[in-house]
Amino acid sequence: MEGILLFAMEHGSLSDLSASTFSLMDEDHTLANSVRFTLNQENMDSSVVGCMGCALRHNFYAYDMWTVRPRVVFCGYSIPHPSDNKVNIRVQTTGTISSSLSDPAKDVLKDALENLTQMCQLVRSTFGKTVDDFKVKNQ
């Protein structure tokens, strides 16, 4: 089932939907650290964000990524045990609920995963185009 993300919401997360812990099955540091980094962007100083995103800011997905930030207070992750094939991601939001946000923590995580997907697709297509251009120039 490639492309399907299996996750479960931890029991303690059901009482307060503004802060939840999600267990993602068959994942590791690669995805968890990317999600954590994306959701904690507001804690970085502007010079780091500027270096990271100078080219990215001009692309459509960058604006979506920056709109997620004001809703997030904290995001962290842990691997319960090295033999467990899962990762726990904790998302704490401001709890602001608009008409479209009935489950703030889940929606923020979903938005972050969608933004990561868009970023990966852009990097992949840009890399592919650059490789093709290089091959054409060096034939």
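The questions and answers below go through a predicted model of one protein chain.

Q: In what pattern do the helices and strands of the chain follow one another along the sequence?
A: In this predicted model, the secondary structure comes to four helices and four strands. Read along the sequence, these elements are arranged in the pattern β-β-α-α-α-β-β-α.

Q: What distance separates the end C-alpha atoms of helix α4, and how does it agree with the expected span?
A: Helix α4 covers residues 104-137, which makes 34 residues. At 1.5 Å a residue, a helix of this number of residues should span 50 Å. The value computed from the model agrees with this, since the end C-alpha atoms of α4 are 49 Å apart.

Q: Why can strand β2 be called largely enclosed by the rest of the structure?
A: A residue counts as buried when its relative accessible area is under 20%. Strand β2 consists of residues 19-25, and the share of these seven residues that falls under the heading of buried is what makes the strand largely enclosed: six of the seven.

Q: Which strand pairs with β2 over seven bridges, and in what sense?
A: Two residues of β2 show where the partner lies, for S20 stands opposite V91 in β4, and the bridge partner of A19 is Q92, also in β4. Over seven bridges, β2 therefore pairs in the antiparallel sense with strand β4, residues 86-93.

Q: Over how many bridges do β3 and β4 pair?
A: One place where these strands meet is at Y77, which stands opposite I89 in β4. The two strands pair in the antiparallel sense, and the number of bridges between β3 and β4 is six.

Q: Which element gives the largest share of the largest nonpolar core?
A: In soluble globular proteins, nonpolar side chains tend to be buried together. Here the largest nonpolar core has 17 residues, of which F22, V35, L39, C75, I89 and V91 touch the most other members. The elements that give two or more residues to this core are β2, α1, β3, β4 and α4. The largest share, seven residues, comes from α4.

Q: Which residues is V35 in contact with, leaving aside its neighbours within four places in sequence?
A: V35 is among the residues that touch the most other members of the largest nonpolar core. Among the buried residues of α4 are L109, L113 and L116, and these three are also among the contacts of V35. With its neighbours within four places in sequence left aside, V35 is in contact with C75, I89, L109, L113 and L116.

Q: At what distance, N to O, do the side chains of E114 and K110 meet?
A: E114 and K110 both lie in helix α4, four residues apart, which is about one turn of the helix. E114 counts as partly exposed at 38% relative accessibility, and K110 counts as partly exposed at 49%. Their side chains meet in a salt bridge, with an N to O distance of 3.6 Å.

Q: Is K129, which meets D133 in a salt bridge, buried or exposed?
A: The side chains of K129 and D133 meet at 3.1 Å, N to O, and both residues lie in helix α4, four residues apart. D133 is partly exposed, with a relative accessible area of 35%. A residue counts as exposed when this value is over 50%, and K129, at 53% relative accessibility, is therefore exposed.

Technical notes. Residues are numbered from 1 along each chain as its sequence is written. This is a predicted model: local features need pLDDT of at least 70, side-chain atom pairs count only at pLDDT 80 or more; totals for chains, interfaces and linings use all residues. Side-chain values use heavy atoms; hydrogens and water are left out. The expected span of a helix is 1.5 Å times one less than its number of residues. Buried means under 20% relative accessible area, exposed over 50%, partly exposed in between (1.4 Å probe, protein chains only). A nonpolar core is a set of buried Ala, Val, Leu, Ile, Met, Phe, Trp, Tyr and Cys residues joined through side-chain atoms within 4.5 Å. Contact means heavy atoms within 4.5 Å. A salt bridge is a side-chain nitrogen of Lys or Arg within 4 Å of a carboxyl oxygen of Asp or Glu.
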